[in-house]
Amino acid sequence: MFWKSTSAFYNEIARIPLVIRPPGGTEGRVVAAPVSITDIMPTILSCCGLAVPGQIHGHDLLAVSRGAAPAEDRAVLCERFAWNKRHLRNPELDGSGSYLLRWQNWTYMVYDNGDRFLYDLDRDPAQNRDLSADRGYGATLDRLHAKLKQHLDEHGGRDKSRLL
């Protein structure tokens, strides 16, 4: 993501609805599970009856659009990089990068200045109460940070987790 007006990752900015009408689909349904822009290509390929290449990180949402349950343990990543002096969108050049990880009812944000935020979207859907400094959520914060690092290492290429 590159936002000209803000660097925030709140739901009003980062959560964008995805509407799918698969071939032959007529009934609408709402699925609350987060999805990623990386899911669009495998879903379109599946709608066309084509195989999804193994190196693709996204999920085929066709089955979910037809009633299957979404993956319960899936984490979804948003990332934002500042433009650098060479005008390239590459975090390895200057080490700047901000990340949001959505997992179950949690939103965990890490900004390039070191700020971290944790929100429980079930109890605080407006994201008004940051739980990152609350000792009662230390284990959750550690688990989400580990999930973010793992996600970056598996899907980000060239050890992006070193930027955290």
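A residue counts as buried when its relative accessible area is under 20%. By that rule, 36% of the 164 residues in this chain are buried. Keep the cut-off in mind, because it returns for several residues below. Keep in mind too that the model is predicted.

Start with the overall plan. The chain has five helices and four strands. Along the sequence they follow the pattern α-α-α-β-α-β-β-β-α. Contacts also reach across the sequence. Take those between residues at least 6 apart: 48% of them join residues at least 24 apart. The outside can be described as well. The accessible surface of the chain is about 10300 Å². Carbon and sulfur atoms account for 52% of that surface.

Now find the sheet. Its four strands lie in the order S1-S2-S3-S4. The sheet is open, and its pairing is antiparallel. Which strands stand at the edges? They are S1, residues 75-80, and S4, residues 116-120. Each has a single partner strand, so one side of each has no neighbour in the sheet. From one strand to the next, the twist averages 10°.

Go through the sheet from S1. Six bridges join S1 to S2, and the two strands run antiparallel. One residue to look for is valine 76, whose bridge partner in S2 is arginine 102. Is S1 enclosed or open to the outside? Five of its six residues are buried, so the rest of the structure largely encloses S1. An edge strand has a free side within the sheet, as S1 does. That describes pairing with other strands. Burial is a separate matter, and S1 is largely enclosed.

Next comes the pair S2 and S3. S2 covers residues 98-103, and S3 covers residues 106-110. Five bridges hold this antiparallel pair together. Among the partners are leucine 101 and, in S3, tyrosine 108. In a regular strand, side chains alternate between the two faces of the sheet.

Follow tyrosine 108 further. Leaving aside neighbours within four places in sequence, tyrosine 108 is in contact with Tyr99, Leu100 and Leu101, among others. Its contacts also include Arg116, Phe117 and Leu118. Leu141, Leu144, His145 and Leu148 are on the list too.

Tyrosine 108 leads into the largest nonpolar core. How many residues does this core have? There are 16. Those with the most contacts inside it are Tyr99, Trp106, Tyr108, Leu118, Leu144 and Leu148. S1, S2, S3 and helix H5, residues 138-155, each supply at least two residues. H5 gives the most, with four. Apart from this core lies another one, of nine residues. Met109, Tyr111, Tyr119 and Leu121 are among them.

Stay in S3 for one more residue. Valine 110 lies in this strand. At 4% relative accessibility, valine 110 counts as buried. Its C-alpha atom is 9.5 Å from that of glutamate 79. Along the chain, these two residues are 31 residues apart.

Buried residues can be polar as well. Look at aspartate 120 in strand S4. Its relative accessibility is 5%, so aspartate 120 counts as buried. What does its side chain meet? A polar contact of 2.7 Å joins it to the side chain of asparagine 105. A polar atom of the aspartate 120 side chain also lies 3.0 Å from the backbone nitrogen of aspartate 122. Beyond four places in sequence, aspartate 120 touches Asn105, Trp106, Pro125 and Leu131. Trp106 appeared above, among the residues with the most contacts inside the largest core.

Finish with arginine 74. This residue sits in the loop between helix H3, residues 62-65, and S1. Is arginine 74 buried or exposed? Its relative accessibility is 15%, so arginine 74 counts as buried. Two polar contacts of its side chain are worth finding. One, of 2.7 Å, goes to the side chain of aspartate 39. Another, of 3.5 Å, goes to the side chain of histidine 59. Not counting residues up to four places away, arginine 74 touches Pro34, Val35, Ser36, Thr38, Asp39, His59, Arg102 and Trp103. The C-alpha atoms of arginine 74 and tryptophan 103 are separated by 6.4 Å. Along the chain, the two lie 29 residues apart.

Key
Residues numbered from 1 in each chain as written. Predicted model: local features only at pLDDT ≥ 70, side-chain atom pairs only at ≥ 80, totals over all residues. Heavy atoms only, no water. Pairing = 2+ DSSP bridges. Axes fitted to C-alpha atoms, helices over the stretch in contact; angles between N-to-C directions. Buried < 20%, exposed > 50% of the residue type's maximum accessible area, 1.4 Å probe, protein only. Polar contact = N/O pair within 3.5 Å; in protein donor to acceptor, adjacent residues only side chain to side chain. Contact = heavy atoms within 4.5 Å. Areas by Shrake-Rupley, 256 points an atom, 1.4 Å probe, with all protein chains shown as cover. Core = buried A, V, L, I, M, F, W, Y, C linked by side-chain atoms within 4.5 Å.
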